Amino acid sequence: MSLFKLWNFHGGLHLDGHKQESCKAPLAVARLPERLLFPLQQRNGEDSKPVVAPGDRVLKGQVIARDDHPFYPPIHASSSGIVRKIEDLPLPHPSGLTGSCIVIETDGEDAAMDFAGIEDYRQCSPDELRRRIYEAGIVGLGGAAFPTSVKVAPGSDRKVDTLILNGAECEPYITCDDSLLSHYPNHVLEGAKILLQILKAERCLLAVEDDMPDALAALEKAKQRGGFEAIQLVRVPAIYPTGGEKQLISVLTGREVPTRGIPADIGIVCQNVGTAAAVYNAVVHGTPLISRIVTVTGRGVKQPQNVLARIGTPFADLIQQCGGYTNEAERLVLGGPMMGFDVPTDNLPLTKSANCILVAGRNELIGEKRSLPCIRCGACAEACPVNLLPQQLYWYGRSDQIERALDYNLFDCIECGSCDVVCPSHIPLVQHFRATKGKAIAKRREREKADHARLRFESRQARKEQEKRERAEAAKRKKENLGTGKSPEIIEAIERAKLRRAEKSAPSSEGAAQIDGDKQETVVPPAGAETRRESAKVVHTETPPGGPESEAQAVPSEID
């Protein structure tokens with residue numbers, strides 16, 4: 001590995017890794033569970049639409065829910081079986097709420113669809129490869145679950161020169177990326193080449209922490225086979241949170257992502273190593289994202305290890321495969337001890353973004369302690385890797401000064417928990433920041449609704465004014481026509497009457513002049529015709545004294 005200049009970021013912590021507990025065991029393949037659970041909720045809270053119904057048989061890799069929106073990649077069945085129900089079940093989410101889930105009862109056959117890969121992806125356009133990634137349902141496997149097809153489409157106005165693959169697994173206990181790089185290094189490297197082609201980037205920096213020797217050795221060996229000249233392996237220090245996107249970009253390139261900006265604004269796209277491997281499987285083998293490696297660890301589980309498991313597998317099945325619970329089991333955490341969250345039950349499904357199931361023993365993690373008043377020591381500001389002022393954000397959040405908190409770049413907080421660890425008053429700062437962000441989002445939505453209502457009102461007023469002007473113009477035109485004594489309707493009626501009169505006054509065959517060439521002949525009415533017309537008049541007589549019976553009738557004269 002060649003020397004590479006590294007930069008430092010502000011703050012950060014040296015934490016006990018607790019990596020060996022899960023790394024010392026070989027990668028296990030999870031058994032097929034009796035049932036699989038697939039939440040329909042996407043990362044933004046919207047639900048995908050199921051395309052299957054209870055009673056349908058599905059195959060491994062079949063689409064069971066989808067949406068046409070590019071931010072909602074399709075969901076695939078991770079094994080064959082029967083769709084038993086679509087119902088509300090608990091979700092693996094900090095809120096603990098329920099959501100709509102597809103429940104599949106596996107049939108034990110694990111029958112798969114026919115997957116068709118691309119023999120030579122180098123002949124494909126970037127749009128074709130992005131479409132393939134979208135149809136495979138690939139999202140970021142580092143935890144954020146952002147749609148990969150969207151992230152590798154930075155736009156024509158952005159020129160990307162560097163792809164960064166994030167293998168810096170900085171959070172304690174989590175070793176799924178270490179296991180992936182150790183067992184499937186070629187998949188990651190090939191996936192990097194596909195992403196480079198899509199982005200048309202010049203280089204790829206694959207970052208691996210210096211406490212992952214097995215992964216580094218496997219990658220070096222795979223690179224020796226050739227064809228990966230544009231990919232450079234970089235060893236980075238194991239300082240938390242080096243694996244944060246903005247922090248890793250700063251360490252590797254010295255560039256800083258602007259506030260409210262994205263890495264593509266400075267010519268960089270960052271992806272997780274697991275995402276790169278999923279891209280390779282989707283493009284080359286045609287396999288959708290239906291499984292991932294997850295770390296099951298902690299003193300509360302008997303055999304900590306990494307497990308290659310199907311998406312939708314209940315936590316309980318994975319823990320059971322790792323030997324089950326120990327007597328020390330006290331807390332169940334989804335994720336690591338810094339950015340993870342407690343879950344109330346193990347009857348939750350493994351999702352694409354779940355990288356660790358931590359079964360903590362007694363006093364293994366920092367528990368809840370009674371908060372004390374802030375002493376303004378500044379330790380949180382020194383530890384913050386984003387160079388924020390957590391104590392100011394805390395005070396503004398508590399006093400509902402949301403705009404002031406936004407002025408101090410509230411949404412730049414990555415919720416890494418470094419401030420929580422160093423706070424001597426045990427204030428749960430990250431919880432306060434999350435609550436303040438929620439208030440800010442709610443306030444922004446209220447403002448958007450108010451703006452929308454204002455625009456609708458203004459549009460309605462403009463429409464009414466337009467209608468008023470049109471009525472006034474019509475009345476003016478009518479008045480002008482009436483000034484001449486004739487309205488358009490009257491003039492039209494007069495014209496119709498003239499036309500009918502002209503038709504009636506046209507010459508008839510009787511008494512008309514007949515013209516034959518230059519000779520004119522007058523037609524004379526038949527004799528007696530005039531006498532008959534005169535005699536046709538009705539004759540009225542007076543009623544005789546004899547009454548109605550002898551009443552004379554008005555009888556027309558008859559002419560022989």
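**Entry 1: confidence and overall make-up**

I began with the confidence of this predicted model, and I found that the chain averages a pLDDT of 88, with 88% of the residues scoring at least 70. I then noted the stretch of residues 511-560, where the pLDDT is below 50 and where the model has 22 contacts beyond near neighbours in sequence. I counted the secondary structure next, and the chain holds 16 helices and 19 strands. For burial I looked up the whole chain, in which 42% of the 560 residues count as buried. I also checked how contacts are spread along the sequence: among those between residues at least 6 apart, 72% join residues at least 24 apart.

**Entry 2: strand β10 and its two partners**

I turned to strand β10, residues 203-209, and asked how many of its residues are buried. I found 6 of the 7 to be buried, and I therefore recorded the strand as mostly covered. On one pairing I noted strand β9, residues 162-167, which runs parallel to β10 and is joined to it by 6 bridges; within this pairing, L163 has C204 of β10 as its bridge partner. The other pairing I looked up is with strand β11, residues 231-236, again in the parallel sense and over 6 bridges, and here V208 is partnered by R235 of β11. Following the chain from β10 to β11, I passed through helix α6, residues 213-223, and recorded this β-α-β crossover as right-handed.

**Entry 3: helix α5**

I looked at helix α5, residues 185-199, whose 15 residues reach 21 Å from the first C-alpha to the last, close to the 21 Å expected at 1.5 Å a residue. I recorded α5 as mostly covered, since 12 of its 15 residues are buried. The buried residues include P185, V188 and L189 as well as the polar-named positions E190 and Q197. Just after this helix, I saw that K200 takes a positive phi of about 55°.

**Entry 4: helix α8**

I then took helix α8, residues 273-285, and found 13 residues spanning 18 Å between the first and last C-alpha, which is close to the 18 Å expected at 1.5 Å a residue. Why did I write that α8 is largely enclosed by the rest of the structure? I wrote this because 10 of its 13 residues are buried, and these are V273, G274, T275, A276, A277, A278, V279, Y280, A282 and V283. At the N-terminal end of α8 I found N272 acting as a cap, with a side-chain oxygen 2.7 Å from the backbone nitrogen of G274. Past the other end, G286 comes just after α8 and takes a positive phi of about 75°.

**Entry 5: the six-stranded sheet and T297**

I traced an open sheet of 6 strands in the order β1-β14-β13-β17-β15-β16, and its pairing is mixed. I noted its edge strands as β1 (28-29) and β16 (341-342), each of which pairs on one side only. Inside this order I looked up the pairing of strand β13, residues 291-297, with strand β17, residues 356-360: the two run parallel and are joined by 3 bridges, and T295 stands opposite C356 in β17.

I then followed T297, which lies in β13, and asked whether it is buried or exposed. With a relative accessibility of 0%, T297 counts as buried, because the cut-off for buried is under 20%. Leaving out residues up to four places away in sequence, I listed what T297 touches, namely E21, S22, Y173, P304, C356, I357, L358 and V359. I also looked up the separation of T297 from T175, and the two C-alpha atoms are 9.5 Å apart although the residues are 122 apart along the chain.

**Entry 6: the three-stranded sheet**

My last look-up was an open sheet of 3 strands, ordered β3-β5-β6, with antiparallel pairing. I recorded β3 (49-50) and β6 (75-76) as the edge strands, each pairing on one side only. Between β3 and strand β5, residues 63-66, I found 2 bridges in the antiparallel sense, and in β5 the bridge partner of P50 is A65.

How values were computed:
Residues numbered from 1 in each chain as written. Predicted model: local features only at pLDDT ≥ 70, side-chain atom pairs only at ≥ 80, totals over all residues. Heavy atoms only, no water. Buried < 20%, exposed > 50% of the residue type's maximum accessible area, 1.4 Å probe, protein only. Helix = DSSP H or I, 4+ residues; strand = E, 2+ residues; numbered from the N terminus. Pairing = 2+ DSSP bridges. Right-handed = clockwise from strand over helix to strand, strands pointing away. Expected span 1.5 Å × (residues − 1). Polar contact = N/O pair within 3.5 Å; in protein donor to acceptor, adjacent residues only side chain to side chain. pLDDT = per-residue confidence, 0-100. Contact = heavy atoms within 4.5 Å.
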